[in-house]
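Thanks for coming. Please have the sequence and the 3D view open while I talk.

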Amino acid sequence: MISTKVLGWFAKARRDLPWREEPRDPYRVWISEVMLQQTRVEVVVPYYERFLRRFPTLAPLAEAPLDDVLALWSGLGYYARARNLHRAARAAGDALPRTSAALRELPGFGPYTAAAVASLAFGEQVPLVDGNVARVLARLYALEGDARAQAWPIAAKLLPKSRAGTFNEALMELGATVCTPRAPACPRCPLRSECALRTRRLDPARYPAPKAKPLRPLLAWRALALTRKDGAILLERRPAGALFAHLWDLPKEKPAGIRIHGAPVPRGNVEQTLTHREVRVEVQAARASGVPASTEARWVLPEGLAALGLSSLARKSLRQAGILTPQGPSRTLRAP
């Protein structure tokens with residue numbers, strides 16, 4: 001039986017991860033599942049631990065300003081996750097709902113996240129399908145076409161009675177550590193005798209079917225690294241609905257109330273590939289003074305940057321301007 005083999009393997013092979021501590025805490029399960037979306041475990045662990053030190057339960061997260069949440073998320077990417085996490089914490093009240101259907105009513109809870117929290121934390125008998133599970137089932141049954149859509153009903157049929165959470169986690173673990181996208185460790189797989197790819201001598205690299213790579217439009221803009229005499233850098237909050245919404249970044253244009261001294265000097269370009277677009281930023285630097293007219297712009301000393309939500313792209317721009325180094329704030333700013 002597939003579930004028996006997977007559960008037996010998982011009992012011996014499961015990784016010791018901080019969010020797997022028993023008894024399972026629904027809030028911690030939720031935080032980990034959101035962070036793990038499209039992000040590797042080894043990247044998530046330090047973010048998860050820092051986040052829980054600052055927001056150990058639902059209430060502190062709900063009460064915190066969004067800026068504090070984004071600051072702790074800085075560098076983890078996919079910032080809509082952090083914004084939805086904050087919105088959901090405020091909408092949830094005293095506790096997270098106990099069923100996947102009720103969880104789906106909260107911001108950011110799609111089918112997978114709702115099923116993960118409901119099954120892992122509350123023991124609800126519901127299946128879940130993420131990229132790892134879809135890959136395991138696509139190979140196990142040689143699924144053609146949209147493997148993720150086909151995997152949901154299959155996963156539901158495989159659920160062992162009263163052990164949905166453990167089985168769901170075991171399937172995800174199998175995909176993450178054995179049935180990997182490239183070079184899967186088939187000899188170590190507990191399902192190798194049931195695998196359709198093995199019996200039909202099919203290439204695992206073809207399953208699931210690769211998606212067509214999206215055409216990524218290029219977005220390009222100028223970023224002004226405006227520094228004050230005392231070394232403070234001028235930052236501007238990205239507006240709602242924009243790329244990197246609510247995060248802080250170098251302004252594209254001179255904010256009202258600011259005076260630039262001399263022509264801005266090019267410092268070079270920074271580039272980043274995002275899921276749906278390519279971004280190129282030309283960084284220019286200049287000395288400036290004045291008080292920004294908008295509360296959405298502020299002067300920040302280099303040592304204060306860690307308290308703000310900054311995207312990886314913003315950090316690259318700050319490094320290009322000499323404001324940040326890989327080790328932290330620059331002590332000697334390059335004069336324009």
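Start at Leu61. Setting aside residues up to four places away in sequence, Leu61 touches Tyr27, Trp30, Ile31, Phe51, Phe55, Val69, Leu85, His86 and Ala89. Keep in mind that this is a predicted model.

Leu61 belongs to the largest nonpolar core, a set of 106 residues. The residues with the most contacts inside that core are Trp30, Phe51 and Leu61. Which helix gives this core its largest share? That is helix 8, residues 111–122, with nine residues. There is also a second, separate core of eight residues, and Leu226, Leu234, Ala286 and Ala288 are among them.

Now the aromatic rings. In general, a pair of rings is described by the distance of the centres and the angle of the planes. How many aromatic pairs are there in this model? The count is seven.

I will take two of them. Trp19 and Tyr48 are edge-to-face, with 5.2 Å from centre to centre and 80° between the planes. Trp19 sits in the loop between helix 1 (2–13) and helix 2 (26–36), while Tyr48 sits in helix 3 (residues 41–54), so this pair ties together parts that are 29 residues apart in sequence. Is Trp19 buried or exposed? Its relative accessibility is 6%, so Trp19 counts as buried. Tyr48 is buried as well, at 2% relative accessibility.

The other pair is Phe51 with Trp73, again edge-to-face, at 6.1 Å centre to centre and 85° between the planes. Phe51 is in helix 3 and Trp73 in helix 5 (residues 66–73), so the pair ties together parts 22 residues apart in sequence. Both Phe51 and Trp73 are buried.

Tyr27 and Trp30, which we met around Leu61, form one aromatic cluster together with Phe109. Rings can also have a charge over them. The charged end of Arg50 sits over the ring of Tyr47, 4.8 Å from the ring centre. Likewise, the charged end of Lys252 sits over the ring of Trp221, at 4.4 Å from its centre.

Next, a small residue. Ser100 is found in helix 7, residues 100–103. Ser100 is buried, with a relative accessible area of 15%. Apart from neighbours within four places in sequence, Ser100 is in contact with Ala114, Ala115, Ala118, Glu124 and Val126.

On to the strands. Strand 1 (residues 218–227) pairs with strand 5 (residues 278–290) in the parallel sense, over ten bridges. One example is Leu219, whose bridge partner in strand 5 is Val279. Strand 4, residues 258–273, runs antiparallel to strand 5, and twelve bridges join the two. Here Glu271 has Arg280 as its bridge partner in strand 5. Strand 4 and strand 5 form a hairpin, with four residues between them.

Last, the cysteines. A disulfide is a covalent bond between the sulfur atoms of two cysteines. How many disulfides does the structure hold? Zero. Cys179 is in no disulfide, and the nearest cysteine sulfur, that of Cys189, is 6.2 Å away. Cys179 is buried, at 10% relative accessible area. Why does Cys195 not bond to Cys186? The sulfur of Cys186 is the closest cysteine sulfur to that of Cys195, but the 6.5 Å between them is too far for a bond. At 16% relative accessibility, Cys195 is also buried.

Key: Residues are numbered from 1 along each chain as its sequence is written. This is a predicted model: local features need pLDDT of at least 70, side-chain atom pairs count only at pLDDT 80 or more; totals for chains, interfaces and linings use all residues. Side-chain values use heavy atoms; hydrogens and water are left out. Two strands pair if DSSP finds at least two bridges between them. Rings of Phe, Tyr and Trp (its six-membered ring) pair if their centres lie within 6.5 Å; planes under 30 degrees apart count as stacked, over 60 as edge-to-face and the rest as tilted. Buried means under 20% relative accessible area, exposed over 50%, partly exposed in between (1.4 Å probe, protein chains only). A charge sits over a ring if NZ of Lys or CZ of Arg is within 6 Å of the ring centre and within 35 degrees of the ring normal. A nonpolar core is a set of buried Ala, Val, Leu, Ile, Met, Phe, Trp, Tyr and Cys residues joined through side-chain atoms within 4.5 Å. Contact means heavy atoms within 4.5 Å. A disulfide is a pair of cysteine sulfur atoms within 2.5 Å.
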